[in-house]
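Work through these exercises with the sequence and the 3D view side by side. Try each task before reading its solution.

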Amino acid sequence: MAHAHVKRYSGIMDWLTTVDHKKIAILYFTAGGFFFLLGGLEALLIRLQLMYPDQHLFVGDTYNQILTMHGTTMIFLAAMPLLFGFMNAVVPLQIGARDVAFPFVNSLGFWLFFAGGVLMNTSWFLGGAPDAGWTGYAPLSTDAYTGRGTDFYVLGLQIAGIGTLIGGINFLVTIVNMRAPGMTFMRMPLFTWTSFITSTIILFAFPAITVGLVELMFDRIFNGNFFEVSKGGNVVLWQHLFWIFGHPEVYILILPAFGIISEVVSTFSKKRLFGYSSMVFATILIGFLSFMVWAHHMFTVGMGPVANAIFGIATMTIAVPTGVKIFNWLFTLWGGQIRFTTANLWAIGFIPTFVIGGMTGVMLAVPPADYQYHDSYFVIAHFHYVIVGGLIFSVFAGLYYWWPKMFGRLLNEGLGKLHFWTFFIGFHLCFFPQHFLGLMGMPRRYFTFMPGEGLDEGNFLSTIGALLMGVGTIVLLVNIVATSVKKPHAAADPWDARTLEWSIPSPAPEYNFKQTPLVRGLDAFWKEKMAGNKEMTPAEPLGPIHMPSPSILPFIMSIGLFIAGYGFMYRTFVVSIIGIGITLICMLLRSVFDDHGFHIEVEELQDKGAKA
Amino acid sequence: MSTAHHAAGALPHEPEKATLEGKNKILGFWFFLGGETVLFGTLFATFIALRNQVPEGPTAQELFNLSTVALSTFILLTSSLTSVLATMALHRHKLNALLGWMAVTVLFGLAFLGLEIYEFTEYVSEGHTFTSSAFSTSFYTLVGFHGGHVLFGVIWITLLILQGMKKGLTVVTAPKFYVAGLYWHFIDVVWVFIFTVVYLMGKVG
């Protein structure tokens with residue numbers, strides 16, 4: 001039998017070789033969580049430097065490195081993997097699938113992201129971190145103005161970006177091809193829908209940054225002329241390439257967050273999501289519009305009034321589908337049996353916070369006004385309201401909501417509420433004053449300000465808020481540790497929830513569904529519960545389940561590119577060739593040796609069934 | 001869905017889509033090509049923005065020799081035909097014809113690469129190097145990315161031919177041949193745009 005010779009690993013080798021989407025989800029959460037703490041630490045250092053005027057904690061170049069790494073880490077190495085963590089943990093379960101379409105590629109996506117993130121962060125020990133801002137604008141990011149730090153930025157992001165791209169393709173195919181019988185597109189839970197649209201945006205946005213980074217790399221390493229004005233290059237080109245990726249990127253981040261909020265609000269209101277189909281179409285519309293607005297980041301570049309007006313209006317139209325979503329959440333809550341669990345507190349806290357961020361977004365979309373706001377703390381306040389207040393709040397909501405499904409344990413609700421209130425108050429204390437700091441003229445990215453210019457109080461409050469957010473995060477960590485030492489105790493359906501993932505045991509078994517479920521409507525599990533059934537109606541008889549074999553190749557492939565990255569940075573191209581060669585050889589091995597996988601037999605399933 | 005229904009020698013008409021794995025692979029590859037389209041689209045955008053930026057070195061008009069490029073185009077488009085013939089052989093379950101047409105495709109690909117290398121060395125001798133101007137950098141990046149794709153395709157299809165000789169035509173190998181054909185068409189389509197945007201527009205635009 002094929003399964004007889006498949007090696008099953010344990011311990012660290014299990015984690016390095018796993019192709020199980022649920023374990024890859026945990027890897028994403030661990031790595032993304034680590035980078036989130038790192039980025040948060042950098043944020044605290046920024047705020048400590050700006051706590052009082054004329055401070056000298058981190059001056060000039062050091063400050064530039066900290067702020068660049070804060071932005072880059074939070075967007076690419078914390079927010080993205082945390083969302084991929086949720087997509088991995090939840091999407092296959094929500095559509096009734098045993099696995100993702102490409103388990104091997106899924107693992108490769110994680111390891112490439114991790115290799116890129118580690119590569120970038122080793123810059124701290126190798127001559128200094130990137131310091132050209134997270135947007136890496138040319139010509140500042142060319143080798144005439146910044147040193148090796150920017151090479152780390154270019155290569156780290158390139159490697160991590162490839163991982164994200166293939167992860168996106170994996171989820172697209174999974175959602176199109178792997179849905180259980182009866183799970184039509186218009187019965188998919190909203191988190192799956194938003195993951196689907198996010199994956200589409202990833203597919204069409206990431207190649208643009210790939211090309212941008214290649215061009216920057218060619219300029220820096222091979223003396224190319226893309227951004228070299230004396231040879232006819234054009235520095236504004238980088239801004240276009242960066243933002244035609246960068247603006248869709250913020251929707252890549254926020255759409256799954258919308259999905260999480262939709263699930264949580266609906267479950268804890270005990271109501272079907274209000275306006276499900278309008279939610280779906282709003283999501284699609286946002287995905288489409290996300291590619292139409294990139295130049296609103298460049299109003300002050302000098303594109304002229306026509307371009308500015310078009311991009312300004314296009315930007316404002318995004319408020320329409322977003323508004324649809326906000327009202328749908330409110331109408332879902334309206335008249336519902338609301339339970340104020342920690343997950344729901346985060347979701348309810350999200351709504352007004354995100355609305356504030358959205359409104360300042362519309363303000364920024366007005367080009368003449370943007371000339372005043374541009375590069376000021378008003379912009380900082382705006383995007384922290386949408387990214388922390390939008391994305392991070394929903395990540396927390398999702399963590400409390402799906403923790404039992406991932407780990408078989410419920411997070412402590414008391415500590416959870418303490419986490420919510422400290423972080424929520426800290427957040428608003430930190431970022432609300434920054435709107436006014438910006439309007440009073442405080443520019444972003446400056447490492448200091450002078451006393452007596454009306455900026456002292458706002459900055460002091462902001463720092464206190466940041467510290468409070470740090471306290472909130474520590475409470476979350478305590479909660480995680482306190483929960484993980486307890487015995488697994490979570491019921492299969494602890495929240496009386498609505499979607500398929502709650503119809504299977506907590507934590508989900510390796511094969512997810514013993515029998516593929518038959519889906520008979522939107523909120524598939526809720527429909528069965530209302531019909532008096534305890535579990536889903538199976539769509540197939542009990543039979544052996546085919547599983548993919550674990551593989552170390554994704555890890556080695558990522559190490560190959562990691563090594564190649566150093567070769568490029570230190571201009572020793574032999575090392576690059578060796579590194580890329582390692583990756584290509586792994587691809588060859590993967591192609592030549594067929595993966596037969598193994599089977600979990602019926603007897604084994606029945607044993608586990610009895611235990612659950 | 002199970003492969004067991006199709007005993008050896010009784011492959012379905014489209015063996016590449018006989019299993020869920022095969023279907024996933026083909027759909028995933030289409031998505032991948034969607035991403036590749038954006039990749040080349042971005043490279044084209046860069047090239048169009050910079051193609052007249054030639055402060056030093058020869059311009060496109062002085063440089064390009066359409067007869068060599070026309071020959072390259074002819075060769076590469078013909079290779080698209082042979083890769084279709086390979087896919088048709090796949091659907092008729094004719095392993096030898098499949099491998100044979102794949103081999104012809106590889107030969108055309110190699111001829112194209114040879115011509116491209118010859119063309120590039122000519123350009124370098126005329127002072128059109130990677131670092132001479134923004135035009136030259138964007139030219140070599142765009143055309144070189146395409147050439148790199150052709151090279152990857154040539155190596156990939158060669159290895160697939162070897163695999164086909166060893167493993168034969170099964171529901172596992174069929175999707176591999178099929179997506180390699182898709183890939184080859186894609187790089188041909190990209191070349192059509194390069195021929196138009198880079199060479200024709202460079203000569204007359």
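Four exercises on this predicted model follow.

**Exercise 1. Overall build of chain A**

Task: How many helices and strands does chain A have, and why does its radius of gyration agree with a compact globule?

Solution:
- Step 1. Count the elements. Chain A has 19 helices and 2 strands.
- Step 2. Take the expected value. For 612 residues, a compact globule would have a radius of gyration near 25 Å.
- Step 3. Compare. Chain A has 24 Å, so the two agree.
- Step 4. Add the dimensions. The C-alpha trace of chain A spans about 70 × 60 × 45 Å along its principal axes.
- Step 5. Look inside. Of the 612 residues, 57% count as buried.
- Step 6. Check the contacts in chain A with a separation of 6 or more. Residues 24 or more positions apart make up 82% of them.

**Exercise 2. Where chain A touches chain B**

Task: Which element of chain A gives the most residues to the side that touches chain B?

Solution:
- Step 1. Start with both sides. The contact takes 31 residues from chain A and 30 residues from chain B.
- Step 2. List the elements of chain A that give two or more residues. They are α5 (148-177), α6 (190-222), α7 (235-269) and α18 (573-592).
- Step 3. Pick the top contributor. α6(A) gives the most, with 9 residues.
- Step 4. Sort the chain A side by class. It holds 19 nonpolar, 9 polar and 3 charged residues.

**Exercise 3. Two packed helices**

Task: Are α6(A) and α8(A) roughly parallel or roughly antiparallel?

Solution:
- Step 1. Recall the description. Two packed helices are described by the angle between their axes and the distance between the axes.
- Step 2. Read both values. α6(A) and α8(A), residues 276-289, pack at about 15 degrees, with their axes 10 Å apart.
- Step 3. Apply the cut-off. Angles under 35 degrees count as roughly parallel, so α6(A) is roughly parallel to α8(A).
- Step 4. Give the handedness. α6(A) passes α8(A) in a right-handed crossing.
- Step 5. Find the residues. From α6(A), they include A:Leu190, A:Trp193 and A:Ile197. From α8(A), they include A:Met279, A:Val280 and A:Gly287.
- Step 6. Class them. This contact has 7 nonpolar, 4 polar and no charged residues.

**Exercise 4. One loop residue**

Task: Why does A:Lys270 count as partly exposed?

Solution:
- Step 1. Locate the residue. A:Lys270 lies in the loop between α7 and α8 of chain A.
- Step 2. Count its surroundings. A:Lys270 has 15 C-beta neighbours inside 10 Å, so it counts as partly exposed.
- Step 3. Name its partners. Leaving out residues up to four places away in sequence, A:Lys270 touches A:Gly336 and A:Gln337.

Key: Residues are numbered from 1 along each chain as its sequence is written. Chains are lettered from A and ligands numbered from 1 in the order in which they are written. This is a predicted model: local features need pLDDT of at least 70, side-chain atom pairs count only at pLDDT 80 or more; totals for chains, interfaces and linings use all residues. Two residues are in contact if their C-beta atoms, placed from the backbone, lie within 7 Å. Helices (H or I, at least four residues) and strands (E, at least two) are DSSP runs, numbered from the N terminus. Ala, Val, Leu, Ile, Met, Phe, Trp, Tyr, Cys and Pro count as nonpolar, Asp, Glu, Lys and Arg as charged, and the others, Gly among them, as polar. Axes are lines fitted to C-alpha atoms, for helices over the stretch in contact, and angles run from 0 to 180 degrees between N-to-C directions. Angles under 35 degrees count as roughly parallel, over 145 as roughly antiparallel, 65 to 115 as roughly perpendicular and the rest as oblique. A crossing is left-handed if the near helix is turned anticlockwise from the far one by less than a right angle, and right-handed if clockwise. The radius of gyration is taken over C-alpha atoms; the globule rule is 2.2 Å times the number of residues to the power 0.38. A residue is buried if 20 or more other C-beta atoms lie within 10 Å of its own, exposed if 12 or fewer, and partly exposed in between; C-beta atoms are placed from the backbone.
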